[in-house]
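Colleague: I would like to take a close look at one charged residue and then work outward from it, slowly enough for someone in a first year of study to follow. Could you walk me through its setting and then through other parts of the fold?

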Amino acid sequence: MFRSLRRALCAAAAALLLPLAGVQAAHAAAAPAAGAGYWHTSGRQILDASGQPVRIAGINWFGFETANYVVHGLWSRDYKSMIDQMKSLGYNTIRLPYSDDIFKSSTVPNSIDFSGGKNADLAGLNSLGVMDRIVSYAGQDGLKVILDRHRPDSAGQSALWYTSAVPESAWIANLKALASRYAGQDTVIGIDLHNEPHDPACWGCGDQAKDWRLAAQRAGNAVLSVNPALLVFVEGVQSFNGVSGWWGGNLMGVGQYPVQLDVPNRVVYSAHDYATSVAQQSWFSDPAFPANMPGVWDRYWGYIFKQNIAPVWVGEFGTTLQSTVDQKWLAALVSYLRPTATYGADAFHWTFWSWNPNSGDTGGILKDDWATVDTVKDGYLASIKAPGFPAGGGGGGGGGGGTTAACSAVYSVSSDWGSGFNADVKVTNTGTAALTSWKVTWTWSGSQQVTNMWNASYAQSGGTVTAVNAAHNGAVAVGGSASFGFGGAPGGGAVPSLSCTAV
């Protein structure tokens with residue numbers, strides 16, 4: 001709610017620490033091979049093609065909906081390295097916002113750096129061509145993609161799903177075009193029909209020009225008419241029966257007026273929820289805060305999950321984490337979304353806002369250099385991250401009939417400020433059999449010590465460090481890769497030689 005150009009200027013990163021104990025242990029409890037094929041719903045769960053439950057635990061990467069007409073950050077980095085980093089941090093899904101401008105023949109993506117070989121295979125492509133490459137590489141990395149019709153044009157958000165310049169007919173035609181474009185590519189699991197409908201949009205009022213629930217049915221059926229395997233993600237509105245909430249975050253009408261599509265078991269309801277860095281709400285000043293928040297969420301959207309009506313996906317939530325209120329809010333929401341280690345895939349689904357650091361009122365998982373991870377913010381999400389999916393964007397993945405397990409590891413320093421540094425290690429399966437786990441060892445020639453590590457656990461004896469995969473990134477397909485990162489001190493050390501062992 002209350003969002004115009006939220007995705008404009010960089011916000012400061014969070015400054016307070018959250019204990020990160022148990023980060024690695026919290027990524028388990030779902031079948032590691034789950035996620036193959038297209039997905040469908042059953043009650044409050046999402047199931048893969050073989051009927052195994054899956055959990056969306058992902059990140060928003062915005063930009064296609066802006067006047068850049070492409071995901072942001074490509075002015076700084078190669079898109080493949082970004083997606084690799086998302087995977088290494090344990091995110092398994094990317095939500096890609098777009099506007100209908102990307103369908104215009106005159107639209108040209110801009111602000112892409114091609115120097116030094118970066119983004120080389122994007123040269124000369126239009127926005128949809130770039131989206132194709134992102135979808136393809138995400139699938140190779142074992143990530144899923146949800147396409148989000150965020151705006152009718154790059155100028156800004158609209159309350160209704162149509163405007164005078166982009167009528168409903170154009171909205172539906174473009175949704176169908178995307179659904180058809182990615183038919184057969186199960187990396188794209190579904191489409192979020194329209195971002196954050198708000199007043200005067202209504203739910204169940206029966207007015208064809210304002211009833212978002214009826215519009216979602218029309219659009220959802222159109223999408224499924226060309227690609228019946230997709231999930232249809234339907235956000236809420238702002239107000240229902242006089243009760244107002246976040247834009248897109250009010251799903252109180254679902255119980256009385258559910259979205260009914262021609263293809264069964266395809267609807268996933270989506271809520272958005274934010275903290276005070278976006279806007280104030282009455283519940284933040286409640287004397288009972290934050291203990292009051294589960295009741296608030298139950299009322300607006302949580303009941304859909306708890307009553308086994310349908311799956312619920314919190315498509316956006318985020319904060320700068322600068323205030324104590326926001327820190328308490330995020331901790332409470334993460335708890336409400338149900339830890340993966342305890343509940344597996346029987347939980348709420350989510351994509352955090354955002355990967356980008358240049359979201360003005362939330363900031364991102366990346367810091368302003370578009371490389372360094374905000375480990376505090378990312379740490380809040382550790383307990384609800386979930387396993388990744390089979391690489392290749394298709395069915396079962398494997399690596400032929402070989403039985404040799406082998407791996408290699410590459411060490412790179414992402415930042416060094418003298419008194420300390422951050423580094424990333426990429427582990428690649430170089431064998432002929434899938435890895436189930438891996439171990440990387442190196443010895444520093446200087447006095448460096450690991451200060452913290454993410455997406456792996458470690459032990460250090462003298463200058464020798466041994467890093468072992470986390471629960472969510474130990475399985476690596478033939479030719480695939482996994483990554484982890486760490487902070488250390490002091491900086492200025494030489495890059496060590498690494499050994500990688502398939503366990």
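Is Lys-144 buried or exposed in this model, and what is its relative accessible area?

Modeller: Please keep in mind from the start that this is a predicted model. Lys-144 is buried, because its relative accessible area is 3% and the cut-off for being buried is under 20%. The residue belongs to strand S6, which covers residues 144-151. Its side chain reaches the backbone oxygen of Gly-35, at 3.4 Å. If we leave aside the neighbours within four places in sequence, Lys-144 is in contact with several residues from other parts of the chain, including Gly-35, Gly-37 and Trp-39, then Asn-92, Thr-93 and Ile-94, and further along Asp-186, Thr-187, Ile-189 and Phe-389.

A second residue makes a useful companion to this one. Asn-358 sits in the loop that runs between strand S13 (349-352) and helix H8 (375-380). Asn-358 counts as buried because its relative accessible area is 6%, and the side chain of Asn-358 makes a polar contact with the side chain of His-72 at 2.9 Å. Gly-388, by contrast, is partly exposed, with a relative accessible area of 29%, and is found in the loop between H8 and S14. Although Gly-388 and Gly-58 are 330 residues apart in sequence, their C-alpha atoms are 10.0 Å apart in space.

From single residues we can move on to a whole helix. Helix H1, made of residues 79-88, is mostly covered, with seven of its 10 residues buried. The buried ones are Tyr-79, Met-82, Ile-83, Asp-84, Gln-85, Met-86 and Ser-88. The elements that cover them include helix H2 (127-140) as well as strands S4 (57-60), S5 (93-99), S15 (421-429) and S20 (481-489). At the N-terminal end, H1 is capped by Asp-78, which places a side-chain oxygen 2.8 Å from the backbone nitrogen of Lys-80. Just after the helix, Gly-90 takes a positive phi of about 95 degrees.

H1 also gives us a way into one of the sheets, since the helix lies across S15 and S20 and runs at about 80 degrees to S20. Those strands belong to an open sheet of four strands, in the order S14-S15-S20-S17, with antiparallel pairing. S14 (407-416) and S17 (449-454) are the edge strands, each of them pairing on one side only. From one strand to the next, the twist averages 25 degrees. Within this sheet, S14 and S15 run antiparallel and are joined by nine bridges, and Cys-407 stands opposite Asn-429 of S15. When you look at such a sheet, it helps to remember that in a regular strand the side chains alternate between the two faces of the sheet.

Another open sheet has three strands, in the order S1-S2-S3, and its pairing is antiparallel as well. Here the edges are formed by S1 (40-42) and S3 (53-54), each pairing on one side only. Strand S2 (residues 45-47) runs antiparallel to S3 and is joined to S3 by two bridges, and the bridge partner of Leu-47 in S3 is Pro-53.

A hairpin can be followed in a similar way. Strands S18 (residues 456-461) and S19 (residues 464-469) run antiparallel and are joined by six bridges. Ala-456 stands opposite Asn-469 of S19. Two residues lie between the strands of this hairpin, and Gly-462 takes a positive phi near 65 degrees there.

Finally, consider how two helices meet. The axes of H3 (residues 168-181) and H4 (residues 212-226) come within 8 Å and cross at roughly 35 degrees, and the crossing is right-handed. On the H3 side the contact is made by Glu-168, Trp-171, Ile-172, Leu-175, Lys-176, Ala-179 and Ser-180, while H4 contributes Trp-212, Ala-215, Arg-218, Ala-219, Ala-222, Val-223, Ser-225 and Val-226. Sorted by kind, the residues of this contact comprise 10 nonpolar, two polar and three charged ones.

To return to where you began, Lys-144 is a buried residue of strand S6, and its side chain reaches the backbone oxygen of Gly-35.

Methods. Residues numbered from 1 in each chain as written. Predicted model: local features only at pLDDT ≥ 70, side-chain atom pairs only at ≥ 80, totals over all residues. Heavy atoms only, no water. Axes fitted to C-alpha atoms, helices over the stretch in contact; angles between N-to-C directions. Left-handed = near helix turned anticlockwise from the far one by under 90°. Contact = heavy atoms within 4.5 Å. Nonpolar A, V, L, I, M, F, W, Y, C, P; charged D, E, K, R; others polar. Buried < 20%, exposed > 50% of the residue type's maximum accessible area, 1.4 Å probe, protein only. Polar contact = N/O pair within 3.5 Å; in protein donor to acceptor, adjacent residues only side chain to side chain. Pairing = 2+ DSSP bridges.
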